[in-house]
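I opened this model to look up a few things and keep a record of them. My entries follow in the order in which I went through the chain.

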Amino acid sequence: MDNAEFVDALRLYVQDDGVKGVISRLKSPSGRSVSPKMKNLSEWYNSLSEENTNNVNTIIELIAHDVLFGVFAVLDGVRFIDKEKGKFELTYKTQEDTFMLNDPSEIGLHELLNSSNWKLDHA
């Protein structure tokens, strides 16, 4: 797995699946004991017009993208989460090889995320 494949996988299995999961829970909360807050959100979401539902879904997509972008920026060392401004080294290991996914000499993970075909209309 190289850095582009890693970004694509997290986009698909974290960002996109997260968006779908939130929208699904808003449409129909599941579980034995749905919280009153979730019930209220679901009732509100389901009462929206199609245009407003699409707008809410777009906002959810933007949030998911920005959160993943932020995590990648931290892993790339362009956004810091500590006073020491430490660096992360993210590796992917197979039985034969080890690959550095956030090699500072290559395009950043956050840049790969934004260079993809990400669109606001895919959720």
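Entry 1, terms. Before reading any accessibility I wrote down the cut-offs, under which a residue is buried under 20% relative accessible area, exposed over 50%, and partly exposed in between. I also noted that I am working from a predicted model.

Entry 2, valine 71. I looked up valine 71 and found a relative accessibility of 41%, which lies between those two limits, so I entered valine 71 as partly exposed. I then placed valine 71 in helix H3, which covers residues 50-76. Turning to the surface, I found that Val71 belongs to a nonpolar patch together with Ile59, Ile63 and Val67, and I recorded about 360 Å² of accessible area for the four residues together.

Entry 3, the aromatic pair. I searched for aromatic pairs and the structure gave me one. Its partners are phenylalanine 6 and phenylalanine 72, whose ring centres are 6.0 Å apart and whose planes meet at 55°, so I listed the pair as tilted. Because phenylalanine 6 lies in helix H1 (residues 3-27) and phenylalanine 72 in helix H3, I noted that the pair ties together parts that are 66 residues apart in sequence. I checked the accessibility of both rings' residues as well, and phenylalanine 6 and phenylalanine 72 are both buried.

Entry 4, glycine 21. I went back to helix H1, where glycine 21 has its place, and read a relative accessibility of 27% for glycine 21, which is why I put this glycine down as partly exposed. From glycine 21 to methionine 100 I noted 30 Å in space, C-alpha to C-alpha, for a separation of 79 residues in sequence.

Entry 5, the whole chain. I counted four helices and two strands in the protein chain, and reading along the sequence I wrote their order as α-α-α-β-β-α. The radius of gyration of the chain is 18 Å, well over the 14 Å that the globule rule gives for 123 residues, so I described the chain as more spread out than a compact globule. For its extent I noted a box of roughly 50 × 35 × 30 Å along the principal axes, filled by the C-alpha atoms.

Entry 6, burial and contacts. I found that 32% of the 123 residues count as buried, and that the accessible surface comes to about 8,600 Å², with 52% of it belonging to carbon and sulfur atoms. Lastly, I looked at contacts with a separation of 6 or more, and 60% of these are accounted for by residues 24 or more positions apart.

Definitions and conventions
Residues numbered from 1 in each chain as written. Predicted model: local features only at pLDDT ≥ 70, side-chain atom pairs only at ≥ 80, totals over all residues. Heavy atoms only, no water. Patch = residues over 30% accessible without salt bridge, like charges linked within 9 Å, V, L, I, M, F, W, Y side chains within 5 Å. Areas by Shrake-Rupley, 256 points an atom, 1.4 Å probe, with all protein chains shown as cover. Salt bridge = Lys/Arg side-chain N within 4 Å of Asp/Glu carboxyl O. Buried < 20%, exposed > 50% of the residue type's maximum accessible area, 1.4 Å probe, protein only. Rg over C-alpha atoms; globule rule 2.2 N^0.38 Å. Contact = heavy atoms within 4.5 Å. Phe/Tyr/Trp six-rings, centres within 6.5 Å; stacked < 30°, edge-to-face > 60°.
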